Amino acid sequence: MTQLPTKNEQRSWPGKIPLTSLYTVGTGGQIFFHALKTQGKLIGTRCNPCEQVYLPARSFCERCFAELTEQVQVKRTGRLVSYTISYVDHDGARLRRPTALGLVQLEGATTLILHYLLSVDDPTEVKIGCRVETVIKPKAKRIGSILDIEGFRVIGGDRKG
Amino acid sequence: MKSQPESSLVRGTPLDEKALRQGKTFSVTYVPKLQYAWDTGQAIGRYLAELKEGRLIARSCRKCERIMIPPRMFCERCFRPTDDWVYVKDTGKIFTFSLCYVSWDVRRLKQPEIPAVIEVDGASPGMGILHVVKKIPPKKVHIGMAVRAVWKPKPKRTGSVTDIAYWEPIKK
């Protein structure tokens, strides 16, 4: 049947699926987020045989599957390993202000962490390898979320000026 | 979070509901935006458009001489396309009903909802639509009871089966 739609015909029936999900952060995540919220500290876990410090803290080693019990405080400073300047949002719409995301290795950790790069006014000033510092929200505003970290601020290295 | 009892055969860390509610167990919530649209097809497309105008429309099959509502473009009995659009009345008879003391989201109801299949006047026997009956004491509902559609005011109609607000008994 190839009859074209006529004026007195409704073509589609819209619907929505209400879904809400909740993920708990896990036993390792619990260590990390508890320390972040209450003390503003960055806590990882160490695997000695593998010479790894995981940040955020994990409950087991991804390489040897051993349970990780040794907690390590990681420094707030580190180096920028990679970054992206995003000019569009999730739906592909152009952003008024581009967002910068940085992949950072903090001193004391062997893993990388992804977060916002803050106050990037000129994207050409961001260089891989530059020093960054973790900016953590004031205690009253921390809720135990990854957004308790505001992001990373470039503090030197290869950055001009 | 509680640590698991050693005797437990189930691995993992059980969640403590209280800790979760108090925000002591950290979590992340996510609400995906899930929207869709079904293509109505020709028959239901016309049916919905007519509902918006306050009319019920059916399709007839000349071979088996049935008048079918909701309308369909294909006769499932004769295996051939249906033939004509036919308006039917917005009155009918209760074909089956249920007194429902639990709402769709499982709340207990003092006054039951009365979902019913209404056999529509003008359509073939047994042809009807599932809808809701109101304005009648639950104990008085019976099969074969004559009912009429109560339409929503025209500006509130959207081209939906709920453009009929409910069906009510026809007083004799």
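**Exercise 1. In this predicted model, find which residue in the turn of the hairpin formed by β3(B) and β4(B) has a positive phi, and describe how β3(B) is paired and covered.**

Solution. Begin with the turn itself: β3(B) and β4(B) form a hairpin with 4 residues between them, and within that turn B:E65 has a positive phi of about 60 degrees. Next, look at the pairing inside the hairpin, where 3 bridges join β3(B), residues 56–61, to β4(B), residues 66–68, and the two strands run antiparallel; as one landmark, B:S60 stands opposite B:I67. Then turn to the other pairing of β3(B), which is joined by 5 bridges to β7(B), residues 84–88, again in an antiparallel arrangement, with B:R59 standing opposite B:W85. Finally, consider how β3(B) is covered: 5 of its 6 residues are buried, so the count of neighbours within 10 Å reaches 20 or more for each of those 5.

**Exercise 2. Work out how many helices and strands chain A has, and in what pattern they follow one another along the sequence.**

Solution. Counting the elements gives 1 helix and 10 strands in chain A. Reading along the sequence then places them in the pattern β-β-α-β-β-β-β-β-β-β-β. As a further step, take the chain as a whole: of its 161 residues, 25% are buried, and among contacts between residues at least 6 apart in sequence, 53% join residues at least 24 apart.

**Exercise 3. For the helix α1(A), compare its reach with the expected value, and state which of its residues are buried and what covers them.**

Solution. The helix has 14 residues and reaches 19 Å from its first C-alpha to its last, which is close to the 20 Å expected at 1.5 Å a residue. Within α1(A), the buried residues are A:G26, A:G29, A:Q30, A:I31, A:F32, A:F33 and A:L36. To read such a list, it helps to recall that an α-helix has 3.6 residues a turn, so residues three or four places apart point the same way. The cover over the buried residues of α1(A) includes β2, β3 (42–47) and β5 (70–74) of chain A. Just after the helix, A:G40 takes a positive phi of about 70 degrees.

**Exercise 4. Identify which residues have the most contacts inside the largest nonpolar core, and which element gives the largest share of this core.**

Solution. The largest nonpolar core has 26 residues, and those with the most contacts inside it are A:L55, A:V74, A:V104, A:L106, A:L117, A:V126 and A:V132. The elements that give two or more residues to this core are α1, β4 (52–54), β6 (77–88), β7 (94–106) and β10 (149–154) of chain A, and the largest share, 4 residues, comes from α1(A). Apart from this core lies another, of 25 residues, which includes B:A116, B:A123, B:I164 and B:W167.

**Exercise 5. Describe the contact between chains A and B, beginning with how many residues each chain gives.**

Solution. Chain A gives 25 residues to the contact and chain B gives 26. On the side of chain A that touches chain B, the elements giving two or more residues are β1 (12–17), β2 (21–24) and α1 (26–39), and β1(A) makes the largest share, with 6 residues. By class, this side of chain A has 10 nonpolar, 12 polar and 3 charged residues. The two chains are also joined strand to strand, since 6 bridges link β1(A) to β2(B), residues 34–39, and these strands run antiparallel; A:S12, for instance, has B:D39 as its bridge partner.

Key: Residues numbered from 1 in each chain as written. Chains lettered and ligands numbered in written order. Predicted model: local features only at pLDDT ≥ 70, side-chain atom pairs only at ≥ 80, totals over all residues. Contact = placed C-beta atoms within 7 Å. Nonpolar A, V, L, I, M, F, W, Y, C, P; charged D, E, K, R; others polar. Pairing = 2+ DSSP bridges. Buried ≥ 20, exposed ≤ 12 C-beta atoms within 10 Å, placed from the backbone. Core = buried A, V, L, I, M, F, W, Y, C linked by C-beta atoms within 7 Å. Expected span 1.5 Å × (residues − 1).
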